[in-house]
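I opened my notebook to look up a few spots in a structure, one at a time. Come along and check each entry against the view.

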Amino acid sequence: MMENIIQRPRRNRKNQAVRDLVQETEVTVKDFIYPMFLVDGKNKTISIKSMPGIFRYSLDNLLREMELCMKLGIKSFVLFPNLEESLKDKEATESLNKKGLYLRAIKEVKKKLPEALIMTDVAMDPYSSDGHDGFVKNGEILNDVTLAILGKMALAQAEAGADIIGPSDMMDGRVGYIRKKLDKAGFENTSIISYTAKYASAFYGPFRDALDSAPKFGDKKTYQMNPSNSEEALLEAELDYAEGADILMVKPALAYLDVIRLLNENFPVPIAAYNVSGEYAMIKAAGKNGWIDETKAMNEVLLSIKRAGAKIILTYFAKEFALQRKNP
Ligand code: PBG
């Protein structure tokens with residue numbers, strides 16, 4: 001029996017070749033920034049229980065791993081330091097220590113792997129004895145005091161050789177403050193990727209395990225955004241854009257695909273999305289249990305982020321994706 005159907009969308013799905021022709025979105029390794037964790041010491045590769053396949057590396061091992069990733073086509077990395085509790089204080093002093101783990105690593109990486117693009121993280125939490133992104137006084141996160149600390153931190157990272165500075169703290173006015181501070185010191189070519197719409201999310205859990213950086217009291221709701229709001233993301237984006245951000249980021253990615261699209265439709269700068277630790281952990285956990293096909297789920301999720309409008313994806317899947325493309 002033949003019905004008279006003029007448009008048959010299935011014709012464009014009839015074989016792999018035609019499916020390839022009409023494919024609208026494609027993820028490539030060029031889209032990725034690979035987040036990596038640093039730890040002090042030598043020859044260390046320490047697994048993170050809630051993030052199978054992701055490790056804390058000492059600098060020597062980090063360099064080796066980065067080189068391998070670059071051979072797979074991954075050129076961009078964001079580094080996060082895991083610091084001993086004894087190095088943490090209220091002012092995040094260790095973030096300015098030129099001989100400290102983070103700044104030394106940035107310098108060394110840029111020297112040994114000049115082609116690698118290094119994004120850094122600007123926020124107080126890895127260095128803060130309070131485990132918060134800002135300066136704490138009487139249980140409150142003080143905005144403008146924090147700006148001064150973040151400005152110095154950003155400048156120290158630029159001096160160490162960072163290509164892109166990533167303020168992840170959500171203080172008001174920090175993009176403009178950092179931009180001015182960098183320009184004044186002659187770092188007008190150091191970029192800023194702003195964590196523009198960063199939500200107070202349950203999906204950061206495994207990352208805080210990786211860095212031992214969970215807040216010591218309270219939560220981050222006075223600075224990170226309420227998951228219910230998207231108009232507010234437009235306001236944050238307007239401010240960051242006006243203050244000089246080169247790239248606007250949405251974080252997390254999967255529960256906020258609408259926000260990615262919203263920013264992409266309204267701003268003429270590239271949009272990035274952070275496919276965060278909890279999003280990674282969910283797929284890994286279900287995969288290990290045999291409940292979903294991990295590789296297929298990874299590909300589908302990355303595709304969804306790009307389809308929503310993200311040009312850049314920060315993802316712990318970067319290496320796995322690249323390996324899969326090399327040996328399908
Ligand atoms: C903190 C920061 C966080 C992440 C990146 N930078 C956690 C937080 O805000 O508590 C999370 C990344 C992830 O979950 O993968 N400045």
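These entries go through the ligand, a few residues, and the empty spaces.

**Entry 1: before I start**

I am working with a predicted model, and I keep that in mind throughout.

**Entry 2: the ligand**

I began by asking how many residues surround the ligand. I found 17, and the closest are R208, K220, K251, S277 and Y316.

Next I looked up polar side-chain atoms beside the ligand. In K220, an N or O atom of the side chain sits 2.7 Å from an oxygen atom of the ligand. For K198 I noted 2.8 Å between a side-chain N or O atom and an oxygen atom of the ligand. With D133 the partner is a nitrogen atom of the ligand, and a polar side-chain atom of D133 lies 3.2 Å from that nitrogen.

**Entry 3: D133**

I wanted to know where D133 sits in the chain. I found D133 in the loop between β5 (117-122) and β6 (135-137).

Is D133 buried or exposed? Its relative accessible area is 0%, so I wrote it down as buried, the cut-off being under 20%.

I then checked which side chain D133 pairs with at 2.7 Å. It is K220, and the two side chains are joined by a polar contact. I had already met K220 as one of the closest residues to the ligand.

Leaving aside neighbours within four places in sequence, D133 has a long list of contacts to look up: A123, M124, D125, T146, L150, S168, D169, K198, K220, Y223 and Q224. I picked Q224 from that list for my next entry.

**Entry 4: Q224**

I located Q224 in the loop between α6 (205-211) and α7 (231-242). Q224 counts as buried because its relative accessibility is 4%.

What does Q224 touch beyond its neighbours within four places in sequence? I listed D133, M170, K198, Y199, A200, S201, Y204 and R208. Two names there, K198 and D133, were already in my ligand notes.

**Entry 5: the largest pocket**

Q224 turned up again when I looked at the largest pocket, where it is one of the lining residues. The others in the lining are I141, N143, M170, M171, D172, T222, Y223, M225, E232 and E236. I noted a volume of about 160 Å³ for this pocket. By type, its lining splits into 5 nonpolar, 3 polar and 3 charged residues.

**Entry 6: cavities**

Rolling a probe the size of a water molecule over the atoms shows where empty space is left.

How many cavities of 30 Å³ or more are there? I counted 4, and the largest holds about 110 Å³ of space. Of the 17 residues that line the largest cavity, those closest to its centre are D125, K198, F207, K220 and K251. The elements that give two or more residues to this lining are β9 (191-198) and α6. The most comes from α6, with 3 residues. I sorted the lining into 7 nonpolar, 3 polar and 7 charged residues.

**Entry 7: L96**

My last stop was L96, in the loop between β4 (76-82) and α3 (101-112). L96 has a relative accessible area of 37%, so I marked it as partly exposed.

How far apart in space are L96 and K152? I wrote down 7.3 Å from C-alpha to C-alpha, although 56 residues separate them in sequence. K152 is also in contact with L96, as are L103, M153 and A156, leaving aside neighbours within four places in sequence.

Terms used. Residues numbered from 1 in each chain as written. Predicted model: local features only at pLDDT ≥ 70, side-chain atom pairs only at ≥ 80, totals over all residues. Heavy atoms only, no water. Helix = DSSP H or I, 4+ residues; strand = E, 2+ residues; numbered from the N terminus. Buried < 20%, exposed > 50% of the residue type's maximum accessible area, 1.4 Å probe, protein only. Contact = heavy atoms within 4.5 Å. 1 Å grid on protein atoms, 1.4 Å probe; cavity = no way out; pocket = protein on both sides within 12 Å on 5 of 7 lines; lining within 4 Å. Points joined across faces, edges and corners; volume = space filled by probe spheres on them. Nonpolar A, V, L, I, M, F, W, Y, C, P; charged D, E, K, R; others polar. Near = heavy atom within 4 Å. Polar contact = N/O pair within 3.5 Å; in protein donor to acceptor, adjacent residues only side chain to side chain.
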